[in-house]
Structure formats: structure tokens, C-alpha cells
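Reader: I should like to go through this structure residue by residue, with the reasoning set out at each step. Please begin once the sequence and coordinates are in view.

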Amino acid sequence: MSKKISTILYIKVGNVTVTKLENQKREELVSGIKKYPVSKAFLTKTGFVDDFQADLLHHGGENKALFLFSKLTYQNINSHFNNIFDISNMAYFGENLILDKICEKDICIGDILQIGDTQVQITQPRQPCWKLSANTEKKNMTKFIFESGFTGFYAKVLKEGNITKEDDVFLQSRLNPTLTIEKLNKIIVNPMIDENLTLETLNCKELGYQFKNSLQKRYDLGDKDEQFSYYHT
């Protein structure tokens, strides 16, 4: 299988910055979330050269080397926030790539994509934290992303190389056609809406361990699970 599914609209990289916060429980935002467009970047096993993260426990690393977002997802978010987020400039959501035509419903865990010189494999949905609210200056943004499923998705790098703006994206292999990012975003909110899908997800060897651990805890504890209470506010 090798099927064109999308095109790269924007590539974004950035340094770690410090932003002072007002009227929030944290005094500052220390993060690499503010990324800016470039025409070309070299992708390594741990991410783009010249792209950095502050919290290496929860961001970056080989399992989350590349964060992909969609023009359609931006449009969905903008429809709820008066179209204030411009995809062509700073990354409001920390995205490395913005794709056209496809979004969370079109991508599955384990999908192998060819992008420019690279080959990547989808590992998990993005798990939103409080930094989305801080960076967008919208207090309810993190909760909104979690509940809506407008998350974007991560990939690990199978083959390093250059990615250039307007490169085509090809789907080379689909291993788990039932495990879309959209569906996983629903079961992380409530694993019991489709227990069979939840169990299939927990047994998926291509799923990133961070999301798997969160889903397992949510499945085990149900309403007693409080893992998101800190990271969402």
C-alpha cells in the first residue's frame, strides 16, 4: 500500500521560552509550545533539529518525536473560539506539522507514513495539559480539547530525513484499522462506552506507552480516576 492522503501545509519548530502568567495558579509557562514556521527541517529519531521541549518527561522523546495537527482540526477549534487562531504563524497547540484534508478520524495507531525523505509511525493521540490553556489564553481550552477530541497525534521516526513544506504524505501501511485517533480520544474520556475497543487498544503493541498507561488507569479506576485533575488546570 502506498496512497497519498495529505500534503504538508506548515512545518514548525521552536525553542523553550518563558512566559509570565497572570491570574493563574502557575506563575509562568516554561515550554517549547511556541513553534514557528520554517520551509524545511531535518527529522531525527527524537524530533526536528532546532526543535526543543522543556518537560522531557511528558513531551518529546522517541515515542513522541513528531506532533502532527490538521487544518481541519484548527477549523473545528476555531469554530468554537471565534476564529482567533491563525495556523500560518505561531503554533498555538505545539504542532510540528499541519496537514490538509485529514484529521483524527482518518489516522490509526500504527499507521506508517512516508513524508518527504522520512518514514514515521503513529503512536498515540496528544494528551492535553494545562499549557494549552496558558498558551492560547483560554482558560477552558485544555478541557475543551480533551472532551472534543481535537487533539492531533504523535509519531515515532522509523527513517530520518528532511521534510519540506508542501511535501506529500503517503499512507504505506495500516495495521490497526479500527483504532482511529478519534475513537481513542473518546475512550480515554470514558473507556466503558466501548469496552471491547478499550481492551483492543490496551492490547495494541503499536500504542504509545504513555497513552496506554493513562487508559489502563482510567479503565481500572473509573470515576475514581483523578489523573487529569492536575494536568488539565
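Author: The model is predicted. The answers below proceed on that basis.

Reader: With which residues is Ser 31 in contact, leaving aside its neighbours within four places in sequence?

Author: Ser 31 is found in strand S3, which spans residues 28–31. Its relative accessible area is 8%, which is under the limit of 20%, so Ser 31 counts as buried. Beyond its neighbours within four places in sequence, Ser 31 touches Asn 15, Val 16, Thr 17, Ala 54 and Lys 131.

Reader: Which backbone atom does the side chain of Ser 31 reach, and at what distance?

Author: The residue concerned is buried in strand S3. The side chain of Ser 31 extends to the backbone nitrogen of Ile 33, at 2.9 Å.

Reader: Is Val 16 buried, partly exposed or exposed?

Author: Val 16 is placed in the loop between S1 and strand S2 (17–20). Leaving aside neighbours within four places in sequence, its contacts include Val 30, Ser 31 and Phe 52. Its relative accessibility is 37%, which lies between 20% and 50%, so Val 16 counts as partly exposed.

Reader: What is the area of the nonpolar surface patch that includes Val 16?

Author: Val 30, another member of this patch, has its place in strand S3 and is partly exposed at 33% relative accessibility. Membership requires over 30% relative accessible area, so the 33% of Val 30 meets that condition. Together, Val 16, Val 18, Val 30 and Phe 52 make a patch of about 300 Å².

Reader: How far apart are the C-alpha atoms of Val 16 and Asp 51?

Author: Along the chain, these two residues are 35 residues apart. In space, the separation of their C-alpha atoms is 8.6 Å.

Reader: Within what arc do the buried residues of helix H1 fall?

Author: In helix H1 (residues 71–78), the buried residues are Thr 73, Tyr 74, Ile 77 and Asn 78. Because they fall within a limited arc when seen down the axis of H1, they line one face of the helix; that arc is 135 degrees.

Reader: Against which elements do the buried residues of H1 pack?

Author: An α-helix has 3.6 residues a turn, so residues three or four places apart point the same way. The buried residues of H1 pack against strand S1 (3–13), strand S7 (66–70), strand S8 (97–99) and helix H3 (141–148).

Reader: Which residue caps the N-terminal end of H1?

Author: The cap is recognised from a side-chain oxygen that lies 2.9 Å from the backbone nitrogen of Leu 72. The residue that supplies this oxygen is Ser 70.

Reader: What is the phi of Asn 83, and what is that of Glu 166?

Author: Most residues other than glycine have a negative phi. Asn 83, in the loop between H1 and S8, is exposed at 60% relative accessible area. Glu 166, in the loop between strand S12 (161–164) and strand S13 (168–173), is exposed at 58%. Phi is positive in each case: near 55 degrees for Asn 83 and about 80 degrees for Glu 166.

Reader: Which backbone oxygen lies 2.9 Å from a polar side-chain atom of Asn 176?

Author: Asn 176 lies in the loop between S13 and helix H4 (181–189). Its relative accessible area of 13% is under 20%, so Asn 176 is buried. Leaving aside neighbours within four places in sequence, its contacts include Cys 108, Gly 110, Cys 204 and Glu 206. The backbone oxygen in question belongs to Ile 109.

Key
Residues are numbered from 1 along each chain as its sequence is written. This is a predicted model: local features need pLDDT of at least 70, side-chain atom pairs count only at pLDDT 80 or more; totals for chains, interfaces and linings use all residues. Side-chain values use heavy atoms; hydrogens and water are left out. Helices (H or I, at least four residues) and strands (E, at least two) are DSSP runs, numbered from the N terminus. Buried means under 20% relative accessible area, exposed over 50%, partly exposed in between (1.4 Å probe, protein chains only). A polar contact is a pair of N or O atoms within 3.5 Å; within protein, one must be able to donate a hydrogen and the other to accept it, and residues adjacent in sequence count only if both atoms are side-chain atoms. Contact means heavy atoms within 4.5 Å. The arc is that of the directions from the helix axis to the C-beta atoms. Patches are made of residues with over 30% relative accessible area and no salt bridge: like charges are joined within 9 Å, nonpolar side chains (Val, Leu, Ile, Met, Phe, Trp, Tyr) within 5 Å. Accessible areas come from the Shrake-Rupley method with a 1.4 Å probe; for residues, only the protein chains shown count as cover. A salt bridge is a side-chain nitrogen of Lys or Arg within 4 Å of a carboxyl oxygen of Asp or Glu.
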